[in-house]
Amino acid sequence: MVFQDARGTALLTPDEMAEADRRTIAAGTPGIVLMERAAEAVAAAVHSGYPQAEWIALLAGPGNNGGDAYAAARLLREAGRRVEIFGLVPPTKLRGDAAIAATAFGGTAHPVDSFDPAAFDLVIDGLFGAGLSRAIEGAAAEAIRKLNAAPAPVVAIDLPSGVSGATGERLGEAVSADLTVTFFRRKPGHLLEPGRSLCGPTIVADIGIPATVLDAIALMIFANEPELWIGALKRPSDAGHKYDRGHAVVFSGSATRTGAARLAAAAALRGGAGLVTVFSPGSALMANAAHLTAIMLKRCDDEAALGEHLTDARFNAFVLGPGFGVGERARNFAATVLAAGRSLVLDADGITSLAGAPDALFAAARGAGKGASPHGKPALVLTPHDGEFKRLFPDIADRQGSKLERARAAAERAGAVVVLKGRDTVIAAPDGRAAINAIGTPWLATAGTGDVLAGLVAAELAQGTPSFEAACAAVWMHGRAAELFGPGLISEDLPAMLPKVHRELDALASNPRA
Ligand SMILES: NC(=O)C1=CN([C@@H]2O[C@H](COP(=O)(O)OP(=O)(O)OC[C@H]3O[C@@H](n4cnc5c(N)ncnc54)[C@H](O)[C@@H]3O)[C@@H](O)[C@H]2O)[C@H](O)CC1
Ligand SMILES: [K+]
(Lines give C-alpha, C1' and ligand atoms only; values in the text may rest on other atoms or scores of the structure.)
(Ligands and ions follow the chains in the order given, each with its own letter.)
Protein backbone atom coordinates (compact mmCIF):
# COMPACT_ATOMS: atom_id res chain seq x y z
CA MET A 1 0.00 0.00 0.00
CA VAL A 2 1.23 3.48 -0.84
CA PHE A 3 -0.08 6.25 1.37
CA GLN A 4 -1.26 9.42 -0.36
CA ASP A 5 1.48 11.52 1.25
CA ALA A 6 4.08 8.93 0.30
CA ARG A 7 3.99 10.16 -3.31
CA GLY A 8 6.16 13.05 -2.21
CA THR A 9 8.86 10.60 -1.20
CA ALA A 10 8.82 8.70 -4.51
CA LEU A 11 12.09 8.25 -6.36
CA LEU A 12 11.68 8.00 -10.11
CA THR A 13 13.86 5.98 -12.43
CA PRO A 14 14.91 7.91 -15.54
CA ASP A 15 12.28 5.98 -17.51
CA GLU A 16 9.55 6.89 -15.03
CA MET A 17 10.72 10.52 -15.09
CA ALA A 18 10.51 10.53 -18.90
CA GLU A 19 6.99 9.13 -18.54
CA ALA A 20 6.09 11.92 -16.08
CA ASP A 21 7.48 14.40 -18.62
CA ARG A 22 5.52 12.93 -21.49
CA ARG A 23 2.29 12.98 -19.54
CA THR A 24 2.81 16.59 -18.51
CA ILE A 25 3.56 17.63 -22.07
CA ALA A 26 0.56 15.62 -23.39
CA ALA A 27 -1.64 17.42 -20.84
CA GLY A 28 -0.70 20.76 -22.40
CA THR A 29 2.58 22.08 -20.93
CA PRO A 30 5.12 22.35 -23.77
CA GLY A 31 8.55 20.78 -23.18
CA ILE A 32 10.28 24.10 -23.67
CA VAL A 33 8.26 25.53 -20.78
CA LEU A 34 9.50 22.70 -18.53
CA MET A 35 13.04 23.37 -19.73
CA GLU A 36 12.71 27.11 -18.98
CA ARG A 37 11.48 26.34 -15.46
CA ALA A 38 14.32 23.87 -14.98
CA ALA A 39 16.76 26.60 -16.04
CA GLU A 40 15.09 29.11 -13.71
CA ALA A 41 15.63 26.69 -10.83
CA VAL A 42 19.31 26.32 -11.75
CA ALA A 43 19.74 30.10 -12.00
CA ALA A 44 17.97 30.59 -8.66
CA ALA A 45 20.30 28.06 -7.02
CA VAL A 46 23.29 29.97 -8.42
CA HIS A 47 21.93 33.30 -7.18
CA SER A 48 21.39 32.01 -3.66
CA GLY A 49 24.40 29.69 -3.41
CA TYR A 50 27.00 31.57 -5.44
CA PRO A 51 26.05 35.26 -5.43
CA GLN A 52 29.68 36.32 -5.92
CA ALA A 53 30.45 34.13 -8.96
CA GLU A 54 31.05 36.61 -11.78
CA TRP A 55 32.36 34.42 -14.52
CA ILE A 56 30.49 31.17 -15.05
CA ALA A 57 31.24 28.30 -17.45
CA LEU A 58 28.43 26.01 -18.58
CA LEU A 59 29.19 22.58 -20.05
CA ALA A 60 26.44 21.59 -22.48
CA GLY A 61 25.84 18.06 -23.76
CA PRO A 62 23.97 16.81 -26.85
CA GLY A 63 20.51 16.35 -25.27
CA ASN A 64 18.03 18.23 -23.12
CA ASN A 65 20.44 18.42 -20.18
CA GLY A 66 22.54 20.57 -22.53
CA GLY A 67 19.36 22.47 -23.41
CA ASP A 68 18.88 23.29 -19.74
CA ALA A 69 22.45 24.64 -19.71
CA TYR A 70 21.79 26.96 -22.67
CA ALA A 71 18.58 28.22 -21.08
CA ALA A 72 20.32 28.74 -17.72
CA ALA A 73 23.18 30.58 -19.47
CA ARG A 74 20.71 33.00 -21.01
CA LEU A 75 18.98 33.67 -17.66
CA LEU A 76 22.28 34.16 -15.82
CA ARG A 77 23.51 36.54 -18.54
CA GLU A 78 20.25 38.51 -18.24
CA ALA A 79 20.94 38.70 -14.50
CA GLY A 80 24.32 40.29 -15.15
CA ARG A 81 26.68 37.33 -14.94
CA ARG A 82 29.38 36.72 -17.51
CA VAL A 83 28.77 33.27 -19.06
CA GLU A 84 30.61 30.99 -21.49
CA ILE A 85 29.13 27.82 -23.00
CA PHE A 86 31.35 24.84 -23.83
CA GLY A 87 29.41 22.46 -26.07
CA LEU A 88 30.06 18.78 -26.61
CA VAL A 89 28.40 19.25 -30.01
CA PRO A 90 27.90 22.48 -31.99
CA PRO A 91 24.53 24.17 -31.30
CA THR A 92 23.44 23.38 -34.86
CA LYS A 93 23.49 19.67 -33.95
CA LEU A 94 20.98 20.09 -31.10
CA ARG A 95 17.37 19.03 -31.58
CA GLY A 96 13.95 19.86 -30.20
CA ASP A 97 13.75 21.94 -27.04
CA ALA A 98 17.54 22.02 -26.69
CA ALA A 99 17.82 23.59 -30.15
CA ILE A 100 15.19 26.18 -29.18
CA ALA A 101 17.12 26.99 -25.98
CA ALA A 102 20.42 27.31 -27.89
CA THR A 103 18.84 29.66 -30.42
CA ALA A 104 17.37 31.78 -27.62
CA PHE A 105 20.82 31.95 -26.02
CA GLY A 106 22.19 33.29 -29.30
CA GLY A 107 25.81 33.56 -28.16
CA THR A 108 28.71 31.45 -29.33
CA ALA A 109 29.48 28.03 -27.92
CA HIS A 110 33.12 27.04 -27.55
CA PRO A 111 34.14 23.44 -28.27
CA VAL A 112 34.45 21.48 -25.05
CA ASP A 113 38.12 20.68 -25.83
CA SER A 114 38.98 24.32 -25.14
CA PHE A 115 37.45 24.23 -21.63
CA ASP A 116 39.86 25.38 -18.93
CA PRO A 117 38.14 25.53 -15.52
CA ALA A 118 40.93 27.64 -13.99
CA ALA A 119 39.45 30.86 -15.35
CA PHE A 120 35.97 30.48 -13.85
CA ASP A 121 34.34 31.24 -10.50
CA LEU A 122 31.71 28.55 -11.02
CA VAL A 123 31.04 25.73 -13.47
CA ILE A 124 27.57 24.42 -14.34
CA ASP A 125 27.45 20.84 -15.52
CA GLY A 126 24.86 20.26 -18.24
CA LEU A 127 26.62 17.45 -20.12
CA PHE A 128 24.31 14.52 -19.36
CA GLY A 129 21.33 13.97 -17.10
CA ALA A 130 18.59 11.40 -17.26
CA GLY A 131 19.57 10.36 -20.80
CA LEU A 132 23.03 9.03 -19.92
CA SER A 133 23.05 5.61 -21.54
CA ARG A 134 26.65 4.45 -21.59
CA ALA A 135 30.08 5.17 -20.11
CA ILE A 136 31.40 8.67 -20.71
CA GLU A 137 34.57 8.69 -22.81
CA GLY A 138 36.55 10.97 -25.10
CA ALA A 139 36.16 14.74 -25.01
CA ALA A 140 33.42 14.72 -22.35
CA ALA A 141 35.53 12.49 -20.08
CA GLU A 142 38.51 14.79 -20.56
CA ALA A 143 36.42 17.87 -19.64
CA ILE A 144 35.16 16.09 -16.51
CA ARG A 145 38.71 15.14 -15.46
CA LYS A 146 39.81 18.78 -15.81
CA LEU A 147 36.76 19.95 -13.91
CA ASN A 148 37.24 17.52 -11.01
CA ALA A 149 40.89 18.57 -10.68
CA ALA A 150 40.06 22.31 -10.53
CA PRO A 151 39.04 24.29 -7.44
CA ALA A 152 35.98 25.95 -9.03
CA PRO A 153 32.68 24.90 -7.41
CA VAL A 154 30.32 22.86 -9.59
CA VAL A 155 26.53 22.94 -9.84
CA ALA A 156 25.14 19.87 -11.61
CA ILE A 157 21.94 20.06 -13.62
CA ASP A 158 19.66 17.13 -12.73
CA LEU A 159 22.55 14.74 -11.96
CA PRO A 160 26.33 15.03 -11.94
CA SER A 161 27.23 13.89 -15.47
CA GLY A 162 28.41 10.30 -15.42
CA VAL A 163 26.15 9.27 -12.51
CA SER A 164 23.39 6.83 -13.42
CA GLY A 165 20.04 8.15 -12.22
CA ALA A 166 18.76 4.60 -11.89
CA THR A 167 21.61 3.10 -9.87
CA GLY A 168 23.92 5.83 -8.56
CA GLU A 169 26.83 4.11 -10.29
CA ARG A 170 29.59 5.93 -12.16
CA LEU A 171 29.38 5.31 -15.88
CA GLY A 172 32.92 6.10 -16.98
CA GLU A 173 34.12 9.48 -15.76
CA ALA A 174 31.73 11.28 -13.37
CA VAL A 175 31.46 14.88 -12.19
CA SER A 176 31.92 15.56 -8.49
CA ALA A 177 29.43 18.35 -7.78
CA ASP A 178 29.03 20.77 -4.87
CA LEU A 179 25.31 21.17 -5.47
CA THR A 180 22.80 19.37 -7.67
CA VAL A 181 19.49 20.78 -8.87
CA THR A 182 17.02 18.14 -9.96
CA PHE A 183 13.43 18.40 -11.07
CA PHE A 184 10.08 17.16 -9.72
CA ARG A 185 11.40 14.15 -7.77
CA ARG A 186 14.80 12.71 -6.87
CA LYS A 187 16.05 9.62 -8.69
CA PRO A 188 17.58 6.56 -6.95
CA GLY A 189 21.01 7.78 -8.13
CA HIS A 190 20.70 10.86 -5.90
CA LEU A 191 20.60 8.63 -2.79
CA LEU A 192 22.66 5.57 -3.74
CA GLU A 193 26.43 5.74 -3.44
CA PRO A 194 28.65 6.81 -5.10
CA GLY A 195 26.06 9.06 -6.78
CA ARG A 196 24.90 10.42 -3.44
CA SER A 197 28.35 11.75 -2.54
CA LEU A 198 28.96 13.04 -6.07
CA CYS A 199 25.73 15.11 -5.94
CA GLY A 200 26.54 17.15 -2.85
CA PRO A 201 23.35 18.62 -1.38
CA THR A 202 20.45 18.17 -3.79
CA ILE A 203 17.70 20.72 -4.45
CA VAL A 204 14.44 19.30 -5.82
CA ALA A 205 12.79 22.01 -7.92
CA ASP A 206 9.11 22.21 -8.80
CA ILE A 207 8.90 22.73 -12.56
CA GLY A 208 5.14 22.45 -12.78
CA ILE A 209 4.79 18.71 -13.23
CA PRO A 210 1.60 17.84 -11.34
CA ALA A 211 1.81 15.04 -8.73
CA THR A 212 -1.19 13.45 -10.44
CA VAL A 213 1.07 12.18 -13.25
CA LEU A 214 2.30 9.70 -10.63
CA ASP A 215 -1.14 8.10 -10.48
CA ALA A 216 -0.34 6.27 -13.71
CA ILE A 217 3.04 5.02 -12.48
CA ALA A 218 3.29 2.03 -10.12
CA LEU A 219 5.57 3.63 -7.53
CA MET A 220 8.01 1.16 -6.01
CA ILE A 221 11.07 3.12 -4.88
CA PHE A 222 11.01 5.78 -2.19
CA ALA A 223 13.22 7.99 -0.11
CA ASN A 224 12.94 6.68 3.45
CA GLU A 225 11.09 9.62 4.95
CA PRO A 226 8.32 9.55 7.57
CA GLU A 227 5.58 10.34 5.03
CA LEU A 228 6.25 6.89 3.58
CA TRP A 229 5.32 4.93 6.70
CA ILE A 230 3.96 7.19 9.42
CA GLY A 231 0.39 6.17 8.61
CA ALA A 232 1.29 2.54 9.34
CA LEU A 233 2.91 3.10 12.74
CA LYS A 234 1.06 1.96 15.80
CA ARG A 235 1.39 4.80 18.31
CA PRO A 236 0.48 4.15 21.95
CA SER A 237 -3.18 4.95 22.61
CA ASP A 238 -4.53 6.82 25.65
CA ALA A 239 -6.48 3.83 26.88
CA GLY A 240 -3.69 1.45 26.01
CA HIS A 241 -2.01 -1.21 28.08
CA LYS A 242 1.64 -2.25 27.89
CA TYR A 243 0.54 -5.59 26.46
CA ASP A 244 -1.07 -3.74 23.54
CA ARG A 245 2.41 -2.67 22.51
CA GLY A 246 3.87 -6.12 22.24
CA HIS A 247 6.58 -8.02 24.04
CA ALA A 248 9.97 -8.06 22.33
CA VAL A 249 12.63 -10.65 23.09
CA VAL A 250 16.36 -10.39 22.48
CA PHE A 251 18.57 -13.47 22.65
CA SER A 252 21.77 -12.91 24.62
CA GLY A 253 25.14 -14.39 23.76
CA SER A 254 27.45 -16.16 26.21
CA ALA A 255 28.80 -14.62 29.45
CA THR A 256 31.48 -12.46 27.85
CA ARG A 257 29.30 -11.36 24.91
CA THR A 258 26.12 -9.98 26.45
CA GLY A 259 26.41 -6.24 25.71
CA ALA A 260 25.10 -6.42 22.16
CA ALA A 261 21.84 -8.05 23.25
CA ARG A 262 21.31 -5.44 25.96
CA LEU A 263 21.87 -2.64 23.45
CA ALA A 264 19.22 -4.17 21.21
CA ALA A 265 16.90 -4.67 24.20
CA ALA A 266 17.27 -1.05 25.35
CA ALA A 267 16.48 0.13 21.82
CA ALA A 268 13.44 -2.15 21.67
CA LEU A 269 12.08 -0.68 24.91
CA ARG A 270 12.78 2.95 23.99
CA GLY A 271 11.49 2.19 20.51
CA GLY A 272 8.08 1.58 22.03
CA ALA A 273 7.68 -2.14 22.70
CA GLY A 274 5.47 -2.52 25.78
CA LEU A 275 7.80 -5.06 27.40
CA VAL A 276 11.22 -6.43 26.58
CA THR A 277 12.85 -9.60 27.85
CA VAL A 278 16.38 -10.85 27.31
CA PHE A 279 16.55 -14.63 26.83
CA SER A 280 19.92 -15.62 28.21
CA PRO A 281 21.93 -18.80 28.51
CA GLY A 282 22.36 -19.82 32.14
CA SER A 283 26.08 -19.02 32.00
CA ALA A 284 25.30 -15.36 31.18
CA LEU A 285 22.36 -14.83 33.55
CA MET A 286 24.37 -13.03 36.23
CA ALA A 287 26.17 -10.81 33.74
CA ASN A 288 22.81 -9.77 32.27
CA ALA A 289 21.06 -9.49 35.65
CA ALA A 290 23.70 -7.06 36.85
CA HIS A 291 22.84 -4.65 34.04
CA LEU A 292 19.08 -4.86 33.50
CA THR A 293 16.34 -2.92 35.25
CA ALA A 294 13.16 -2.30 33.25
CA ILE A 295 14.13 -5.06 30.86
CA MET A 296 13.27 -8.55 32.08
CA LEU A 297 15.44 -11.63 31.98
CA LYS A 298 14.68 -15.32 31.39
CA ARG A 299 16.93 -18.31 31.20
CA CYS A 300 16.89 -20.00 27.81
CA ASP A 301 19.62 -22.61 27.25
CA ASP A 302 18.21 -24.80 24.53
CA GLU A 303 15.34 -25.42 22.16
CA ALA A 304 13.29 -27.17 24.83
CA ALA A 305 13.44 -24.06 27.01
CA LEU A 306 12.67 -21.85 24.05
CA GLY A 307 9.69 -24.03 23.13
CA GLU A 308 8.44 -23.69 26.70
CA HIS A 309 8.73 -19.88 26.60
CA LEU A 310 6.97 -19.75 23.25
CA THR A 311 3.82 -21.18 24.83
CA ASP A 312 3.34 -17.61 26.11
CA ALA A 313 1.79 -16.04 23.02
CA ARG A 314 2.61 -12.52 24.18
CA PHE A 315 6.28 -12.83 23.13
CA ASN A 316 5.73 -11.65 19.58
CA ALA A 317 8.92 -10.15 18.11
CA PHE A 318 12.42 -11.61 18.49
CA VAL A 319 15.95 -10.39 17.79
CA LEU A 320 18.55 -13.05 17.13
CA GLY A 321 22.16 -12.33 16.24
CA PRO A 322 23.87 -9.56 18.18
CA GLY A 323 26.71 -11.24 20.11
CA PHE A 324 24.90 -14.58 19.83
CA GLY A 325 27.66 -16.73 18.31
CA VAL A 326 27.63 -18.48 14.95
CA GLY A 327 26.36 -22.03 14.55
CA GLU A 328 23.62 -24.59 14.70
CA ARG A 329 22.07 -23.21 17.88
CA ALA A 330 21.36 -19.92 16.10
CA ARG A 331 19.87 -21.73 13.11
CA ASN A 332 17.64 -23.88 15.29
CA PHE A 333 16.46 -21.01 17.49
CA ALA A 334 15.59 -18.95 14.41
CA ALA A 335 13.63 -21.82 12.88
CA THR A 336 11.78 -22.44 16.16
CA VAL A 337 10.77 -18.79 16.51
CA LEU A 338 9.46 -18.61 12.94
CA ALA A 339 7.70 -21.97 13.20
CA ALA A 340 5.87 -20.58 16.24
CA GLY A 341 4.52 -17.75 14.07
CA ARG A 342 6.54 -14.98 15.71
CA SER A 343 8.33 -12.13 13.96
CA LEU A 344 12.10 -12.37 13.83
CA VAL A 345 14.84 -9.83 13.22
CA LEU A 346 17.92 -11.74 12.15
CA ASP A 347 21.14 -9.75 12.48
CA ALA A 348 24.91 -10.26 12.71
CA ASP A 349 25.77 -13.84 13.89
CA GLY A 350 22.20 -14.89 13.16
CA ILE A 351 22.74 -14.06 9.49
CA THR A 352 26.22 -15.56 9.36
CA SER A 353 24.84 -18.79 10.84
CA LEU A 354 22.64 -19.24 7.79
CA ALA A 355 25.50 -18.93 5.29
CA GLY A 356 25.48 -21.75 2.79
CA ALA A 357 22.08 -23.14 3.74
CA PRO A 358 19.49 -20.41 4.16
CA ASP A 359 16.68 -22.02 2.16
CA ALA A 360 14.93 -23.83 4.98
CA LEU A 361 14.63 -20.65 7.00
CA PHE A 362 13.47 -18.68 3.95
CA ALA A 363 10.78 -21.31 3.37
CA ALA A 364 9.78 -21.04 7.03
CA ALA A 365 9.61 -17.25 6.69
CA ARG A 366 7.21 -17.59 3.77
CA GLY A 367 5.08 -19.99 5.82
CA ALA A 368 5.11 -17.73 8.87
CA GLY A 369 4.20 -14.71 6.77
CA LYS A 370 0.91 -16.35 5.86
CA GLY A 371 -0.23 -16.79 9.44
CA ALA A 372 -1.90 -14.22 11.62
CA SER A 373 -0.99 -13.13 15.12
CA PRO A 374 -2.71 -10.78 17.56
CA HIS A 375 -0.08 -8.14 16.77
CA GLY A 376 -0.07 -8.32 12.99
CA LYS A 377 1.64 -10.50 10.46
CA PRO A 378 4.71 -12.37 11.68
CA ALA A 379 7.69 -11.69 9.52
CA LEU A 380 11.38 -12.18 8.94
CA VAL A 381 13.56 -9.08 8.71
CA LEU A 382 17.23 -9.48 7.77
CA THR A 383 19.63 -6.67 8.63
CA PRO A 384 22.96 -7.46 6.92
CA HIS A 385 25.87 -5.16 6.19
CA ASP A 386 27.66 -5.84 2.91
CA GLY A 387 29.89 -8.62 4.30
CA GLU A 388 26.96 -10.50 5.89
CA PHE A 389 24.92 -10.00 2.74
CA LYS A 390 27.64 -11.65 0.67
CA ARG A 391 27.67 -14.66 3.00
CA LEU A 392 23.92 -15.13 2.66
CA PHE A 393 23.45 -14.19 -1.00
CA PRO A 394 26.86 -14.74 -2.65
CA ASP A 395 25.50 -14.94 -6.19
CA ILE A 396 23.38 -11.79 -5.82
CA ALA A 397 26.29 -9.91 -4.21
CA ASP A 398 28.53 -10.70 -7.19
CA ARG A 399 25.93 -9.63 -9.74
CA GLN A 400 26.27 -6.41 -11.70
CA GLY A 401 23.79 -3.74 -10.75
CA SER A 402 22.93 -1.43 -7.94
CA LYS A 403 22.62 -1.91 -4.20
CA LEU A 404 18.91 -1.29 -4.74
CA GLU A 405 18.59 -4.21 -7.13
CA ARG A 406 20.66 -6.48 -4.89
CA ALA A 407 18.48 -5.78 -1.88
CA ARG A 408 15.29 -6.30 -3.89
CA ALA A 409 16.53 -9.60 -5.35
CA ALA A 410 17.48 -10.83 -1.87
CA ALA A 411 14.12 -9.81 -0.39
CA GLU A 412 12.28 -11.64 -3.12
CA ARG A 413 14.34 -14.80 -2.66
CA ALA A 414 14.13 -14.80 1.14
CA GLY A 415 10.47 -13.86 1.43
CA ALA A 416 11.81 -11.38 3.97
CA VAL A 417 12.34 -7.68 4.38
CA VAL A 418 16.03 -7.02 3.74
CA VAL A 419 17.76 -4.02 5.31
CA LEU A 420 21.06 -3.74 3.43
CA LYS A 421 23.02 -1.37 5.63
CA GLY A 422 25.45 1.43 4.85
CA ARG A 423 25.19 5.20 4.51
CA ASP A 424 22.73 4.48 1.71
CA THR A 425 20.83 1.75 3.56
CA VAL A 426 18.25 0.10 1.31
CA ILE A 427 15.12 -1.46 2.80
CA ALA A 428 13.50 -3.90 0.38
CA ALA A 429 10.29 -5.92 0.62
CA PRO A 430 9.53 -9.20 -1.16
CA ASP A 431 6.79 -7.45 -3.17
CA GLY A 432 9.35 -5.15 -4.85
CA ARG A 433 8.88 -2.02 -2.74
CA ALA A 434 12.12 -0.41 -1.63
CA ALA A 435 13.20 2.65 0.31
CA ILE A 436 16.61 4.30 0.41
CA ASN A 437 17.83 5.97 3.57
CA ALA A 438 18.29 9.71 3.15
CA ILE A 439 19.54 10.81 6.61
CA GLY A 440 22.16 10.02 9.23
CA THR A 441 25.69 11.00 10.13
CA PRO A 442 29.11 9.40 9.65
CA TRP A 443 29.20 8.99 13.45
CA LEU A 444 26.75 6.11 13.04
CA ALA A 445 29.62 3.98 11.77
CA THR A 446 30.63 2.83 15.27
CA ALA A 447 30.48 -0.40 17.29
CA GLY A 448 27.03 -1.51 18.38
CA THR A 449 24.84 0.74 16.23
CA GLY A 450 23.68 -2.32 14.27
CA ASP A 451 22.48 -3.94 17.50
CA VAL A 452 20.44 -0.82 18.26
CA LEU A 453 18.89 -0.91 14.80
CA ALA A 454 17.88 -4.56 15.21
CA GLY A 455 16.19 -3.67 18.52
CA LEU A 456 14.33 -0.79 16.92
CA VAL A 457 12.97 -3.01 14.15
CA ALA A 458 11.78 -5.44 16.82
CA ALA A 459 10.09 -2.58 18.70
CA GLU A 460 8.02 -1.76 15.63
CA LEU A 461 7.23 -5.41 14.88
CA ALA A 462 6.21 -5.97 18.50
CA GLN A 463 3.77 -3.08 18.22
CA GLY A 464 2.26 -4.57 15.08
CA THR A 465 3.69 -2.30 12.39
CA PRO A 466 3.86 -4.25 9.09
CA SER A 467 7.38 -5.47 8.41
CA PHE A 468 8.42 -3.18 5.52
CA GLU A 469 7.16 -0.07 7.30
CA ALA A 470 8.63 -1.36 10.59
CA ALA A 471 12.08 -1.66 9.06
CA CYS A 472 11.82 1.71 7.28
CA ALA A 473 10.69 3.47 10.45
CA ALA A 474 13.48 1.85 12.48
CA VAL A 475 16.15 2.90 9.98
CA TRP A 476 14.84 6.46 10.00
CA MET A 477 14.56 6.68 13.79
CA HIS A 478 18.09 5.30 14.11
CA GLY A 479 19.47 7.89 11.67
CA ARG A 480 17.47 10.71 13.21
CA ALA A 481 18.60 9.81 16.74
CA ALA A 482 22.19 9.95 15.52
CA GLU A 483 21.65 13.32 13.83
CA LEU A 484 20.11 14.75 16.99
CA PHE A 485 22.99 13.53 19.15
CA GLY A 486 25.67 14.74 16.73
CA PRO A 487 29.44 14.29 16.91
CA GLY A 488 30.94 11.95 19.47
CA LEU A 489 28.05 9.51 19.23
CA ILE A 490 28.50 5.96 20.50
CA SER A 491 25.83 3.29 20.23
CA GLU A 492 24.76 3.60 23.88
CA ASP A 493 23.70 7.20 23.19
CA LEU A 494 21.09 6.23 20.61
CA PRO A 495 18.30 4.85 22.85
CA ALA A 496 18.48 8.00 24.99
CA MET A 497 17.76 10.17 21.92
CA LEU A 498 14.63 8.23 20.97
CA PRO A 499 12.17 10.27 23.09
CA LYS A 500 13.04 13.32 20.95
CA VAL A 501 12.60 11.28 17.81
CA HIS A 502 9.19 10.02 18.98
CA ARG A 503 8.19 13.61 19.72
CA GLU A 504 9.07 14.65 16.18
CA LEU A 505 7.07 11.78 14.76
CA ASP A 506 4.08 12.61 16.95
CA ALA A 507 4.20 16.21 15.75
CA LEU A 508 4.37 15.03 12.16
CA ALA A 509 1.52 12.56 12.64
CA SER A 510 -0.79 15.24 14.03
CA ASN A 511 0.33 17.93 11.59
CA PRO A 512 1.62 16.37 8.34
CA ARG A 513 3.95 18.42 6.15
CA ALA A 514 2.09 19.88 3.20
N1 LIG B 1 12.64 15.65 -16.64
C2 LIG B 1 12.15 16.85 -16.78
O3 LIG B 1 11.12 17.17 -16.32
C4 LIG B 1 12.90 17.76 -17.56
C5 LIG B 1 14.14 17.41 -17.94
N6 LIG B 1 14.88 18.13 -18.71
C7 LIG B 1 16.28 17.86 -18.82
O8 LIG B 1 16.43 16.87 -19.79
C9 LIG B 1 17.37 15.93 -19.39
C10 LIG B 1 17.19 14.64 -20.11
O11 LIG B 1 17.35 14.92 -21.47
P12 LIG B 1 17.71 13.82 -22.53
O13 LIG B 1 17.83 14.51 -23.83
O14 LIG B 1 16.72 12.73 -22.44
O15 LIG B 1 19.08 13.24 -22.03
P16 LIG B 1 20.52 13.87 -21.77
O17 LIG B 1 20.56 15.30 -22.07
O18 LIG B 1 20.93 13.44 -20.42
O19 LIG B 1 21.47 13.10 -22.79
C20 LIG B 1 20.98 12.41 -23.93
C21 LIG B 1 21.94 12.53 -25.09
O22 LIG B 1 23.24 12.10 -24.77
C23 LIG B 1 23.60 10.96 -25.53
N24 LIG B 1 24.42 10.12 -24.64
C25 LIG B 1 24.00 9.40 -23.61
N26 LIG B 1 25.05 8.86 -22.98
C27 LIG B 1 26.16 9.27 -23.62
C28 LIG B 1 27.57 9.07 -23.43
N29 LIG B 1 28.02 8.32 -22.44
N30 LIG B 1 28.43 9.63 -24.27
C31 LIG B 1 27.99 10.41 -25.28
N32 LIG B 1 26.68 10.65 -25.52
C33 LIG B 1 25.78 10.08 -24.69
C34 LIG B 1 22.32 10.38 -26.00
O35 LIG B 1 22.49 9.64 -27.16
C36 LIG B 1 21.50 11.65 -26.22
O37 LIG B 1 21.87 12.27 -27.42
C38 LIG B 1 17.18 15.86 -17.91
O39 LIG B 1 18.30 15.33 -17.29
C40 LIG B 1 16.93 17.33 -17.56
O41 LIG B 1 18.16 17.99 -17.36
C42 LIG B 1 14.21 19.18 -19.55
O43 LIG B 1 14.75 20.41 -19.36
C44 LIG B 1 12.71 19.33 -19.31
C45 LIG B 1 12.30 19.05 -17.96
K1 LIG C 1 24.43 17.07 -15.61
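How many nonpolar, polar and charged residues make up the shell around ligand 1? Let's take a look, keeping in mind that this is a predicted model.

## Around ligand 1

Here's the count: the shell around ligand 1 holds 16 nonpolar, 10 polar and four charged residues. Altogether, 30 residues surround the ligand, and the closest of them are Gly-63, Asn-64, Asn-65, Gly-129 and Gly-131.

Where do the shell residues come from? Three helices, α1 (14-26), α2 (31-49) and α3 (64-78), each chip in at least two residues. Helix α3 gives the largest share, with five residues.

## A domain from the record

UniProt, in an unreviewed entry, marks residues 17-215 as "domain: YjeF N-terminal". In the model, this span is 38% helix and 17% strand. If you find the C-alpha atoms at its two ends, you'll see that they lie 13 Å apart.

## Two helices that cross

Now scroll along to helix α18 (residues 449-463) and helix α19 (residues 467-485), whose axes come within 8 Å and cross at roughly 135°. Because of that angle, α18 counts as oblique to α19. As for handedness, the crossing of these two helices is right-handed.

Which residues make the contact? On the α18 side they are Val-452, Leu-453, Leu-456, Val-457, Glu-460 and Leu-461. On the α19 side you'll find Ser-467, Ala-470, Ala-471, Ala-473, Ala-474, Val-475, Met-477 and His-478. Sort the contact of α18 with α19 by class and you get 11 nonpolar, two polar and one charged residues.

How values were computed. Residues are numbered from 1 along each chain as its sequence is written. Chains are lettered from A and ligands numbered from 1 in the order in which they are written. This is a predicted model: local features need pLDDT of at least 70, side-chain atom pairs count only at pLDDT 80 or more; totals for chains, interfaces and linings use all residues. UniProt positions are given in the numbering used here, feature names are shortened, and annotations may be inferred rather than shown by experiment. Helices (H or I, at least four residues) and strands (E, at least two) are DSSP runs, numbered from the N terminus. Axes are lines fitted to C-alpha atoms, for helices over the stretch in contact, and angles run from 0 to 180 degrees between N-to-C directions. Angles under 35 degrees count as roughly parallel, over 145 as roughly antiparallel, 65 to 115 as roughly perpendicular and the rest as oblique. A crossing is left-handed if the near helix is turned anticlockwise from the far one by less than a right angle, and right-handed if clockwise. Two residues are in contact if their C-beta atoms, placed from the backbone, lie within 7 Å. Ala, Val, Leu, Ile, Met, Phe, Trp, Tyr, Cys and Pro count as nonpolar, Asp, Glu, Lys and Arg as charged, and the others, Gly among them, as polar. A residue is near a molecule or strand if its C-beta atom, placed from the backbone, lies within 6 Å of it.
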